[in-house]
Amino acid sequence: MTTRVLSVASECVPLVKTGGLADVAGALPAALAPQGVEVHTLLPAYPAVLSALPGRTVLADLGDLFGGPARLLKGDLGGHMLYALDAPHLFDRPGRIYLDDNGQDWPDNPQRFAALSLAAARIGAEGVAGWRPQVLHLHDWQAALAPVYLRLLGAEGRVGTLVTIHNIAFQGLAPAAMLDQLALPRWGFQPDGFEFYGKISALKAGLVYADRISTVSPTYAEELMTMDFGMGLEGVLRSRKADFIGILNGIDESVWTPPYKTAKGKAAHKTALRDRMGLPAADGPLAVVVSRLTQQKGLDLLLEALPALFAQGGQLAVLGSGDPELETAYRAMAEAEPNLAVEIGYDEDLARMLVTGGDTILVPSRFEPCGLTQLYGLRFGTLPLVALTGGLADTVIPANAAAVMAGVATGFQFHPVTAQALADAITHMAELYRQPKIWARMQRNAMSHPVGWPASAEAYGALLKGLVKEPA
Ligand code: ADP
C-alpha cells in the first residue's frame with residue numbers, strides 16, 4: 001500500500017537553493033518512491049519557482065492568506081507532483097528568498113512562512129485535487145507551525161506530522177504581538193507550547209506539537225539535546241527524546257561521480273587543479289576546502305593550523321565565500337604563501353575540480369548537522385579530515401592505529417575543535433600520505449563507503465509509514 005506524504009519546504013533543488021535543506025527536499029521524492037512512499041512537495045511560488053511552471057494550472061483557490069489572495073499551482077519536480085503556493089504579496093518579489101537587499105530578514109518572514117505552514121495544514125485536512133496526504137513532512141522552522149494549524153482545523157487525529165531540523169540556528173522567532181495576525185491560538189503561547197522567552201517560536205511549535213522529530217545525523221541529534229548545541233531548545237528536545245531520531249543525508253551519486261574508477265586516476269586531475277589554482281608542484285598532500293567561510297565552519301582555526309601543513313610539504317586550495325574578515329585573511333595569507341591558493345566566490349565547476357584533484361578535503365566545523373563535502377570527498381577518494389562533531393562524526397572512520405591495522409579507515413578526525421588539535425591531525429594525515437600502501441587502502445575504503453540516498457531513504461520510509469493514522 002502506498003503512503004501519501006506532503007513534503008513542505010522553503011527551498012528545493014533544482015528550483016531554489018541556499019543550503020543542504022534544498023538538496024534533501026529535492027532528493028526525497030525519488031529516493032522514497034521505491035519504499036512505497038508517494039511524496040508531493042509544497043513550495044512557495046517565488047519568481048524562480050513560477051518561471052518553472054509552464055501553463056500555471058490552478059489546483060485550488062485558498063482565498064485570503066495573511067493580507068492577499070492565494071492559490072495552489074500545479075508543477076513538476078523531476079516527475080513528482082509539486083504544489084506552488086502562489087501568494088504574490090508574500091513570495092513574488094525580486095532578490096533573495098529570506099533576505100532583503102540589505103541582507104536583513106524580510107520583515108514579513110513570519111507571515112510568509114506561517115502562510116506556507118497554514119497551506120500545508122489545509123492540504124492535510126482537506127486534500128487538494130482529490131489527493132490527501134496521510135503525513136506532513138515539515139522541513140525547518142518555515143514549515144513548523146503546520147502541526148498547530150492542523151490542531152486548529154481539528155485534523156491532528158487524522159494526519160501524521162514529522163518535523164526535520166536541518167540547522168537549529170534558525171528558529172523563526174516573531175513578536176508575541178503577532179499572535180492574532182498569524183492566526184495562532186492563545187493556548188499555545190506558553191513555555192510548554194510555542195512561546196520562547198516571550199516570543200513566538202515557529203520551530204519550537206513544531207518540536208512541541210509534531211508527532212515525531214528528526215534531524216540530519218545521529219550525532220547531531222544527540223548534540224542538540226545538550227546546552228552546547230541546542231541553542232535554547234535542548235530541554236524541549238530532551239523531553240521528546242523518545243520521538244527524536246537522526247537520519248543522515250545522502251548525496252546525489254548521479255551528479256557526484258568521480259571521472260576515474262580508482263584513485264590512481266587522480267594524478268592528471270591533481271595537475272590540472274594545481275595549474276588552475278596557480279600552485280607549484282610539490283611532494284606533500286594537496287588539501288582542499290569547499291565551504292562557506294564562517295565561524296561555524298572553523299576556517300579561522302585552519303588559518304592558525306596551516307603552518308603544520310606547509311611544514312610537511314603540503315599545499316592548500318580554498319574555494320569559499322562568506323565573512324568578509326575571513327575572506328580578507330585568506331587572501332592575505334595566500335599572497336605571502338606560495339603553497340596556498342584562494343578563490344573567493346561560489347563556483348560549482350571549480351568545487352568539483354577541487355574535490356576531484358585534491359588528496360584530502362578539510363572540514364574543521366565547530367558544528368555540522370550533516371555536512372555534504374566530506375561525503376563528496378569519500379566518493380572521490382579525497383580523504384576527509386574532519387572535526388569530531390555532528391554528521392562528520394557519523395560518516396568518517398578515523399585513521400587511528402586500530403582502524404589502520406584493521407584496514408577500515410576512511411579519513412581523519414580531530415577533537416577538541418581547536419587549532420592545535422587540527423594541526424596535529426594535519427601532521428598525522430601527512431605522515432600517512434607518505435605511506436602509499438596505507439593511503440591507497442584508505443582511498444579504496446572511502447570510495448566504497450555508501451554515501452547515496454538508499455540507506456537513509458529506507459529509514460525515512462519506515463519513519464513516515466509509522467506516522468500514518470488513517471490507513472488509505
Ligand atoms: P552548509 O549547508 O552548512 O553550507 P554542507 O556541507 O551541508 O554545508 O553543504 C554545502 C554545499 O554547498 C556543498 O554542496 C558544497 O559543495 C557547496 N558549496 C559551498 N561553498 C561553495 C562554493 N564556494 N562554491 C561552490 N559550492 C559550494
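These are my notes on the ligand shell and the second largest pocket.

**Ground rules.** I'm working with a predicted model, where local features need pLDDT of at least 70, side-chain atom pairs count only at pLDDT 80 or more, and totals for chains, interfaces and linings use all residues. Numbering runs from 1 along each chain as its sequence is written, and side-chain values use heavy atoms, with hydrogens and water left out.

**Ligand shell.** I looked up who sits around the ligand (a heavy atom within 4 Å of it). There are 15 residues, and Arg-292, Lys-297, Gly-345, Leu-372 and Tyr-376 come nearest. By class I get 6 nonpolar, 6 polar and 3 charged; Ala, Val, Leu, Ile, Met, Phe, Trp, Tyr, Cys and Pro count as nonpolar, Asp, Glu, Lys and Arg as charged, and the others, Gly among them, as polar. Strand 13 (286-293), strand 14 (315-322) and helix 14 (373-379) each supply at least two shell residues, and strand 13 gives the most, with 3. Helices here are DSSP runs of H or I, at least four residues, and strands are runs of E, at least two, numbered from the N terminus.

**Polar contacts.** I then checked N or O pairs within 3.5 Å. The side chain of Arg-292 has an N or O atom 2.8 Å from a ligand oxygen. Backbone N or O atoms also turn up: one of Leu-372 is 2.9 Å from a ligand oxygen, and one of Asp-347 is 3.0 Å from a ligand nitrogen.

**Second largest pocket.** Which helix gives the most to the lining of the second largest pocket? I found helix 18, with 6 residues.

Methods
A polar contact is a pair of N or O atoms within 3.5 Å; within protein, one must be able to donate a hydrogen and the other to accept it, and residues adjacent in sequence count only if both atoms are side-chain atoms.
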